[in-house]
Amino acid sequence: MAADAFVSQLNEQVAHEFAAHQQYVACAVHYDSETLPQLASFFYRQALEERDHAMMMIQYLLDADAEVVIPGVAAPQVGFSDVVAPVSLALAQERRVTEQINALAGTARDERDFTSEQFMQWFIKEQVEEVATMSDLLRVVQRSQDDPMEIENYMAREHPEAGGSDATAPHPAGG
Ligand SMILES: [Fe+2]
Ligand SMILES: [Fe+2]
């Protein structure tokens, strides 16, 4: 049985993950409209990862026989002043999500809900990667903001396509 406090906090996190999906679609569309296809493709892929995170949490709630509340989603920011702004926003978002994920693990531990605590471990590791990726990317876009084609070349070189599937990842609902 998952602890009630954890279940309601995880349902809130589902909403944050879907909101992150919408935000990354908005970032991708911004870059697509600026004809920066590598940056656009990176953010479309990040968006799908966020949706997967939500669906993994939904599958966990289903498996735990807990109530799942599919949320409405906060509207994303859609206007960006330059090539740097979407990446700064993304880094701030990933840092915020890292705090939320750590808080979820903390609630599970406080409730002595060790199954849920273990479920959160994959997300803790995932957040380390996502914050590192976005802070690297922020340095790159800041350095080359006057020459977006440099950024596109970097993306093509360092983030060519979706990485291989992660066998340790939780199963997403419907996946
Ligand atoms: Fe996420
Ligand atoms: Fe993320």
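Donors are N, O and S atoms within 2.8 Å of the metal. The views below come from a predicted model.

**View 1. The iron ion (ligand 1) and its protein donors.** Along the chain, the donors of the iron ion (ligand 1) follow the spacing E-x32-E-x2-H. The residues concerned are E17 (OE), E50 (OE) and H53 (ND1), and they lie 2.1 Å from the iron ion (ligand 1). E17 belongs to helix α1 (residues 4-33) and E50 to helix α2, so this pair ties together parts that are 33 residues apart in sequence. Water is not among the atoms, so the site may look incomplete.

**View 2. The iron ion (ligand 2) and its protein donors.** The protein donors here are E50 (OE), E94 (OE), E94 (OE) and E130 (OE), at 1.7 to 2.5 Å from the iron ion (ligand 2). E94 is thus listed with two OE entries. In sequence, the donors of this ion are spaced as E-x43-E-x35-E. E50 is in helix α2 (residues 37-63) and E94 is in helix α3 (residues 85-110), so the two tie together parts that are 44 residues apart in sequence.

**View 3. Angles at the iron ion (ligand 2).** The angles among the 4 donor atoms run from 54 to 144 degrees, and the site is irregular. Four donors count as tetrahedral if all angles lie between 85 and 135 degrees. The range of 54 to 144 degrees goes beyond both limits, so the site does not count as tetrahedral. For four tetrahedral donors the ideal angle is 109.5 degrees.

**View 4. E50 between the two iron ions.** Which residue bridges the iron ion (ligand 2) and the iron ion (ligand 1)? E50 does, and the ions lie 3.5 Å apart. Is E50 buried or exposed? Its relative accessibility is 2%, and buried means under 20%, so E50 counts as buried. E17, a donor of the iron ion (ligand 1), is buried as well, with a relative accessible area of 1%. E94, a donor of the iron ion (ligand 2), is also buried.

**View 5. The second largest pocket.** This pocket holds about 200 Å³ of space. It is lined by 13 residues, and those closest to its centre are H16, A19, A20, Q93 and R96. Helices α1 and α3 each supply at least two residues of the lining. The largest share, 6 residues, comes from α3. By type, the lining divides into 8 nonpolar, 4 polar and 1 charged.

Conventions
Residues are numbered from 1 along each chain as its sequence is written. Chains are lettered from A and ligands numbered from 1 in the order in which they are written. This is a predicted model: local features need pLDDT of at least 70, side-chain atom pairs count only at pLDDT 80 or more; totals for chains, interfaces and linings use all residues. Side-chain values use heavy atoms; hydrogens and water are left out. Donors are N, O and S atoms within 2.8 Å of the metal (3.2 Å for Na, K and Ca); water is not among the atoms, so sites may look incomplete. Four donors count as tetrahedral if all angles lie between 85 and 135 degrees; four count as square planar and six as octahedral if opposite donors are over 155 degrees apart and all others between 65 and 115; anything else is irregular. Helices (H or I, at least four residues) and strands (E, at least two) are DSSP runs, numbered from the N terminus. Buried means under 20% relative accessible area, exposed over 50%, partly exposed in between (1.4 Å probe, protein chains only). On a 1 Å grid over the protein atoms alone, a cavity is a set of points where a 1.4 Å probe fits but cannot get out, and a pocket is an open set with protein on both sides within 12 Å along at least five of seven lines; lining residues have an atom within 4 Å of a point. Grid points are joined across faces, edges and corners, and a volume is the space filled by probe spheres set on the points. Ala, Val, Leu, Ile, Met, Phe, Trp, Tyr, Cys and Pro count as nonpolar, Asp, Glu, Lys and Arg as charged, and the others, Gly among them, as polar.
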